[in-house]
Amino acid sequence: MLINSLKVSLYWSLTFPSMVSRLNLPVISGLHRQSTISALLILFLSPCSHITLAGEAVPDETVPPYHWITKVAILLVDAGVIDLDLSSRPFTRGELAITVAKAANYKHSTSTYASCLLTKLEGELKSEIEELKSSYESVEREKQVVGKILNAKGFDTPWLWRAGAYLSTDFTVKDEDGFDIEGIAVSKVGVRPLPAVYAYNGSRFDSYLSSDTSYEGKAWGGMAGYVEQAYLTLRYKRLSGWIGRNWLRFGPGRTGALLLSDNSRPFTGIHLALDMNPVIYRWGAFELDKRWDLNRYMSVHRLEWKIGGNISIAVSEMMIYAGAARSWELKLLNPIAVWQFEQYAETEGNGIFSADLSWRAVRNLTIGAEFMVDDIQIEKETSKDLEPNEIGGLITAVWSDPVGIPGSRWTFEAAAITQRTYNSLHTGEKGLHYLRPIGWRGGNDVIDWYLRWDHVPESRVIAGWDIEYECKGENRISAPFDTTYRSHTVEEGYSEPFPTGTVRRTLRIGIDGMYQPRPQTLIELRASRWFAKNAAHIDGLKDDGWLVRLRLVLNVDASRYVKGR
């Protein structure tokens, strides 16, 4: 078996360069040839290697949702310039490096602004793209010495070390609170000891947390913090995944998602993905924050199907379960037993199902939708069956370069989530993580309309404005589960308005700009105005306010190879 594996690996190590040359990647030419054998060759020659994942030699460091390259990458995806799946995030720097390297070959056929943004991403991902270059070319060079390598006793594999920091300072002027200064600092340390293994730690220090009611940790002189990300990524053939703490988001929405979003803190647990192109199966098991003296857990299944490159369909299910003496339960961790969560709903935990669709109608127009079901009552036999449906829906439409105006993008999004959705009769099964909704940012009992326009006049500047109208009912995920319907008989029936109670109606208008003089520095300015009717859910009470915020960002990264033995 070992000999056969080596033969297959040897075959691919000899034929891979010709395959790569057919990709016509512009990043391959004019490279400085290093004498060190690249880590990618070890990946190819290993009996447990996977030769179809070109990005394995590039660090699987996930991109935080607040990083500027997330915004730029989404702009380029919406313009049809690069190919990334926005329905399953976060994406990694390695994935970005590969797709940017491919897209760079078509700079001449894209608009000026898209070409500028690609150049911007190339600058940020320079180390990853350079590693991609050397990995591809080293295979061509090393096939000359492959016989010596096979007879060697071991490999002198270089370790890749990465370190950096994200520093952000906000200068804010608010109508009633006056002037304020807040800051965020995130340390970043990563190491890749093997081609298919990457470890990363990112610790966050945040002065905003000292006044955040969802934060329960310690504070030092107005500064608080926690470990934002800490994970180990692994790849084996078509299987990839991570263990530790990381973000996870499903759905085509641009401003949010219904089932799982990056609204709450990153999740701690295990996530695996099996790529059976064009189908991808995802499984996750996570430990939520311990709350109400209960141990809380979450299991997730997701099946994605890509059709023809323009359509992506996915179905997902999630189960939240909790108990004072409860721990991981194998029947809820089983990655193969799908759709069983609906059978265990109400008896074992809070099961939620969702389906989402993303369709690229034309190159610059994308339409998406997500539908979520927490609970639907079909039979009407007892008063318990009068419970209104716990459902949610989201639609999104993105139009880039409208009517021939290059560098512009319109984004429209609407979401509606009924009350009791994400909630449960059993307190520990609420869809909260560190008191924040794990799904839609506005929680439940809400209707939200959002419209945004972005414009990129040149590579260093992104400007835009947005308008949002939110109708928020009185219910909350953190509130006790509303059982009013149980006081009615089946004959009487039960119905309720949506949203419920005294509805707070809020209009928010904002304008913002981002200027990036250098790849490591960023200046953001945002001004917003808001008006509220029935403020604090008090009938007839009106309120309004404004905010101006200047944000200065410094983001630095460095990488170095160190011999591992």
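Me: Which element gives the most to the nonpolar patch, and with how many residues?
Reply: That is β23, with four residues. β3, β22 (521-533) and β23 (542-563) each supply at least two residues of the patch. Strands, like helices, are DSSP runs numbered from the N terminus (E, at least two residues, for strands; H or I, at least four, for helices). This is a predicted model, where local features need pLDDT of at least 70 and side-chain atom pairs count only at pLDDT 80 or more, while totals for chains, interfaces and linings use all residues. Residues are numbered from 1 along each chain as its sequence is written, and side-chain values use heavy atoms, leaving out hydrogens and water.

Me: What makes these residues a nonpolar patch?
Reply: A patch joins residues with over 30% relative accessible area and no salt bridge (a Lys or Arg side-chain nitrogen within 4 Å of an Asp or Glu carboxyl oxygen); like charges are joined within 9 Å, and nonpolar side chains (Val, Leu, Ile, Met, Phe, Trp, Tyr) within 5 Å. The patch here includes V173, F179, Y515, W546 and V548. Together, its residues have about 810 Å² of accessible area (Shrake-Rupley method, 1.4 Å probe, with only the protein chains shown as cover for residues).

Me: Why is V548 called partly exposed?
Reply: V548, found in strand β23, has a relative accessibility of 34%. Buried means under 20% and exposed over 50%, with partly exposed in between (1.4 Å probe, protein chains only). Its 34% falls in between, so V548 counts as partly exposed.

Me: How do you know whether I243 is buried or exposed?
Reply: Use those cut-offs again! I243 lies in strand β7 (residues 239-246). Its relative accessible area is 44%, so I243 is partly exposed. Leaving aside neighbours within four places in sequence, I243 is in contact (heavy atoms within 4.5 Å) with A230, Y231, L232, G269 and I270. I243 and F286 are 43 residues apart in sequence, and their C-alpha atoms are 9.6 Å apart.

Me: Why is the set around L76 called a nonpolar core?
Reply: A nonpolar core is a set of buried Ala, Val, Leu, Ile, Met, Phe, Trp, Tyr and Cys residues joined through side-chain atoms within 4.5 Å. The largest one here has 34 residues, and L76, I82 and L96 have the most contacts inside it. α3 (68-78), α4 (93-103), α5 (112-124) and β3 (178-194) each supply at least two residues of this core. The largest share, eight residues, comes from α3. Apart from this core lies another, of 27 residues, among them F250 and Y422. In soluble globular proteins, nonpolar side chains tend to be buried together.

Me: What makes β3 and β4 a pair?
Reply: Two strands pair if DSSP finds at least two bridges between them. β3 and β4 have nine, in the antiparallel sense, so they meet the rule. K188 stands opposite G202 in β4, and the two strands form a hairpin with two residues between them. β4 also pairs with strand β6 (residues 223-236), antiparallel over 10 bridges; there, R204 stands opposite Y226.

Me: How do you know that β4 is mostly covered?
Reply: Count its buried residues: seven of the 10 in β4 (residues 197-206). Across the chain, buried residues make up 50% of the 565 residues.
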